[in-house]
Amino acid sequence: NNNNNNNNNHNHNLNTTREIQRRTLRSKRKLNLLLELIPPVISVTTLIAVTYAISKKAIQTLILDSNRSSDEQTTPNLVLMLTFSCLNLVVDVVNVYFFAKAKHALGYNTDIEIVDRDDDDDDDDDDD
């Protein structure tokens, strides 16, 4: 009977350890998801805000320039345009790199049986 109790305690400890490992893995997945979502959200929000501000100013300038002579019209700041375009390209390349690096490019599984099976596969990989 004592062996039976030891066996039950051992199984309970294994199940508790396994549950802690699964929760830790899920927490890491959630953190990774947040870290992968935040930069694109910031990028898109910034792009929308800058596009709005520039479009508003551009429309005002076009309306003013339609009534001005060509000598009074302002010329675009090409250095600013090129710098902004290059920075935007760098941000896009970084986002594409992290997206391609992710092993879950098609999303995370939400079905609990599949997640548990994936967790078991990940645990097997750790043993190697």
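**Notes on a three-helix chain**

1. Arg 68 comes out partly exposed, at a relative accessible area of 31%. The cut-offs here are under 20% for buried, over 50% for exposed, and partly exposed in between, with a 1.4 Å probe and protein chains only. The areas themselves come from the Shrake-Rupley method with a 1.4 Å probe, and for residues only the protein chains shown count as cover.

2. Before going further, a word on what you're looking at. This is a predicted model, where local features need pLDDT of at least 70 and side-chain atom pairs count only at pLDDT 80 or more, while totals for chains, interfaces and linings use all residues. Numbering starts from 1 along each chain as its sequence is written, and side-chain values use heavy atoms, with hydrogens and water left out.

3. Now the fold. The chain has three helices and zero strands, in the order α-α-α from the N terminus on. Those elements are DSSP runs numbered from the N terminus: helices are H or I with at least four residues, strands are E with at least two. Of the chain's 128 residues, 8% count as buried.

4. Back to Arg 68: what does its side chain meet in a salt bridge? The partner is Asp 65, at 3.3 Å, N to O. The criterion is a side-chain nitrogen of Lys or Arg within 4 Å of a carboxyl oxygen of Asp or Glu. Asp 65 counts as buried, at 12% relative accessibility. As background, side chains of opposite charge can pair when their charged atoms come close.

5. The structure holds two salt bridges, and Arg 23 with Glu 19 is one of them, again N to O at 3.3 Å. Both residues sit in helix H1, four residues apart, so about one helical turn separates them. Arg 23 is exposed at 55% relative accessibility, and Glu 19 is partly exposed at 32%.

6. There's a pocket worth opening in your viewer. The second largest pocket has a volume of about 520 Å³. Of its 14 lining residues, Ile 54, Lys 57, Asn 77, Leu 80 and Met 81 are the closest to its centre. Helix H1 (2–66) and H2 are the elements that give two or more residues to this lining, and H1 gives the most, with six.

7. By class, that lining has eight nonpolar, four polar and two charged residues. Nonpolar covers Ala, Val, Leu, Ile, Met, Phe, Trp, Tyr, Cys and Pro; charged covers Asp, Glu, Lys and Arg; the others, Gly among them, are polar. As for the method, a pocket is an open set of points on a 1 Å grid over the protein atoms alone, with protein on both sides within 12 Å along at least five of seven lines, and lining residues have an atom within 4 Å of a point. Grid points are joined across faces, edges and corners, and the volume is the space filled by probe spheres set on them.

8. On the surface, Val 90, Val 94, Tyr 97 and Phe 98 make a nonpolar patch of about 390 Å². Patch residues need over 30% relative accessible area and no salt bridge; nonpolar side chains (Val, Leu, Ile, Met, Phe, Trp, Tyr) are joined within 5 Å, like charges within 9 Å. Tyr 97 belongs to helix H2 (residues 78–101) and is partly exposed at 48%.

9. Lastly, two C-alpha separations. Phe 98 lies 63 residues along the chain from Leu 35, with 9.8 Å between the C-alpha atoms; Leu 35 is in helix H1 and exposed at 52% relative accessibility. Thr 74, in the loop between H1 and H2, is exposed at 53%, and its C-alpha is 10.0 Å from that of Leu 62.

Key:
1 Å grid on protein atoms, 1.4 Å probe; cavity = no way out; pocket = protein on both sides within 12 Å on 5 of 7 lines; lining within 4 Å.
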